[in-house]
Amino acid sequence: MENAQQDTNSPLIYLNNAATTWPKPAGVLEEVADCLRQPFYEPGRTTGDGSLHYPSAAREVLATFFHTGPPENFIFTQNATDSLNHLIHGFVKKTDVPFHAITTELEHNSVLRPLTTLEQEGAITLSVVPFTDNTVSLAAIKKAICPETRLVVMTHGSNVLGSVQDIKPIAEYLKANDIFFIVDGAQTAGHIPVDLSDIPVGAFVFTGHKALFGIPGIGGFYIPGPDAVAIIRQGGTGTDSRTLTHPIGMPERFEAGTHNYPGIASLYAGIRFITSMGLEAIGKKNTDLTRGFIRELKDIRGITIYNENPGLPVVSFDIAGIDNHDAGFILARAYNTITRTGLHCAPLVHERIDGGKGCIRASFSYFNTCDECRAAAEAIHEVAESADTQVHSD
């Protein structure tokens, strides 16, 4: 591994878009630059006008994009992790008595760690539902529900397997049984249509820096019934400033302090880019790239693909005879191809699919090309052949 020579001539092939998309659309970078060049205008806090008020504008495009409203029920946070912490801890604080919660084996640590912490503190009891054929069914959720169940938190799309969960029937059942449902949409928002007017979630979480093409540091959640979650942060809002308690109106209820204006500007521009290109066209290209890449990998000896039919542009795989971290290092250094290796912050998935050792993940964006996918597959083929030769020579 140490002898892998740095490839400084080949163009960079970036296949880590499930973590953070790159490159960003030109319009996103321009919007961020424009935002930074002008003074920030905050109604109720600063005088003057004429500048675009990015929080209001972004809430409007979010409401249109997710087919629901009102816009003020879209709350800005740092990212999906921040949103999930806010919602999970806020719901527990509001409930104020120990209760039963449910999550799944497909979850990211952004879900697992807050829930596990609360379980260790005695605030909740927790059930973790297994997945079958890469998804979690309503039947599996129903089996875990007991009279004390008050909360279900689950991912809409797996960041490891690329599988998309059918959340609508789950949401309908949970709503009918007065169980709060938090959906982690970090991987799906921007990849597939999400019509929140048709899915009765308790809250839906999104992040800006992945498929919504924003910059890191911006995310949020939609919450149709804000009274279900306690206020866990207090501070300045520019409204009702004489009162020493935090205002309960939306969106100030869940937002304190100065907004991340550049991040919000990037989210605003990213969604406008998706709308201009068409979510269906973006999804089709990502699907074509993913299927083509999987076809290439299936012809390579020693490759294990963990889901050959992902609903998202995510392909997780292993190369026999070589540690996944070593393989990722070689791909980056010798082939200028960036993937992601390890447990992908989703340890329970890996316990099921690879015994907890982790894997290599390639994930695609609208800005990837078929040529890049073929070149990456060729690089993986060479690494696999080298590993196979080493194994047999030993």
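These exercises, each with a worked solution, walk through a predicted model of a protein chain.

**Exercise 1. The seven-stranded sheet**

Find the order of the strands in the open sheet of seven strands, and decide which strands stand at the edges.

*Solution.* Let's begin with a reminder: strands of a sheet pair through backbone hydrogen bonds, either parallel or antiparallel.

Step 1. Reading across this sheet gives β2-β8-β7-β6-β5-β3-β4, and the pairing is mixed.

Step 2. The two ends of that order are β2 (74-77) and β4, each with a single partner strand, so one side of each has no neighbour in the sheet.

Step 3. From one strand to the next, the sheet twists by 20° on average.

Step 4. Now look for a helix on this sheet. Helix α2 (residues 54-65) packs there and touches β2 and β7. Its direction makes about 120° with that of β2.

**Exercise 2. A strand and its two neighbours**

Work out how strand β6 pairs with β5 and with β7, and whether the residues of β6 are buried or exposed.

*Solution.* Take one neighbour at a time.

Step 1. Strand β5 (residues 149-155) pairs with β6 in the parallel sense, over five bridges. To see this on the model, find leucine 151, which stands opposite phenylalanine 180 in β6. Then find threonine 155, whose bridge partner in β6 is aspartate 184.

Step 2. Follow the chain from β5 to β6. The path goes through helix α6 (residues 167-176), and this β-α-β crossover is right-handed.

Step 3. Turn to the other neighbour. Strand β7 (residues 203-207) runs parallel to β6, with three bridges joining the two. Here isoleucine 182 stands opposite alanine 203 of β7.

Step 4. Check burial, for which the cut-off is under 20% relative accessible area. Five of the five residues of β6 (residues 180-184) pass, so the strand is largely enclosed by the rest of the structure.

Step 5. Sort the side chains by direction. Phe180, Ile182 and Asp184 point one way, while Phe181 and Val183 point the other way, and all are buried.

**Exercise 3. The four-stranded sheet and its helices**

Describe the open sheet formed by four strands, then locate helices α8 and α9 against it.

*Solution.* The approach is as before: order, edges, then helices.

Step 1. The order is β9-β10-β13-β12, with antiparallel pairing.

Step 2. At the edges stand β9 (303-305) and β12 (340-342); each has a single partner strand, so one side of each is left without a neighbour in the sheet. The average twist from one strand to the next is 30°.

Step 3. Zoom in on one pair. Strands β10 (residues 314-319) and β13 (residues 359-363) run antiparallel and are joined by four bridges. Valine 314, for instance, has serine 363 in β13 as its bridge partner.

Step 4. Add the helices. Helix α8 (residues 279-298) lies across β9, β10 and β13, at about 15° to β10. Helix α9 (residues 324-335) lies across β10, β12 and β13, at about 160° to β12.

**Exercise 4. Unusual backbone geometry**

Which peptide bonds to proline 23 and proline 251 deserve a look, and what is the sign of phi at asparagine 134 and histidine 344?

*Solution.* Start from the usual case: most residues other than glycine have a negative phi, and most peptide bonds are trans.

Step 1. The bond from tryptophan 22 to proline 23 is cis, with omega near 0°. Proline 23 sits in the loop between β1 (13-14) and α1 (26-37).

Step 2. Methionine 250 and proline 251 are also joined by a cis peptide bond, with omega about 0°. Look for proline 251 in the loop between β8 (219-222) and α7 (261-277).

Step 3. Asparagine 134 has a positive phi, near 75°. It belongs to the loop between β4 (124-129) and α5 (138-144), and it is buried at a relative accessible area of 17%.

Step 4. Histidine 344 has a positive phi too, of about 55°. Its loop lies between β12 and α10 (347-353), and histidine 344 is buried, with a relative accessible area of 5%.

**Exercise 5. Empty space inside**

How many cavities of 30 Å³ or more does the whole structure hold, and which residues line the largest?

*Solution.* Rolling a probe the size of a water molecule over the atoms shows where empty space is left.

Step 1. The search finds one such cavity.

Step 2. The largest cavity holds about 30 Å³ of space.

Step 3. Its lining includes Thr21, Gly190, His191, Phe213, Asn286 and Tyr366.

How values were computed
Residues numbered from 1 in each chain as written. Predicted model: local features only at pLDDT ≥ 70, side-chain atom pairs only at ≥ 80, totals over all residues. Heavy atoms only, no water. Pairing = 2+ DSSP bridges. Axes fitted to C-alpha atoms, helices over the stretch in contact; angles between N-to-C directions. Contact = heavy atoms within 4.5 Å. Buried < 20%, exposed > 50% of the residue type's maximum accessible area, 1.4 Å probe, protein only. Right-handed = clockwise from strand over helix to strand, strands pointing away. 1 Å grid on protein atoms, 1.4 Å probe; cavity = no way out; pocket = protein on both sides within 12 Å on 5 of 7 lines; lining within 4 Å. Points joined across faces, edges and corners; volume = space filled by probe spheres on them.
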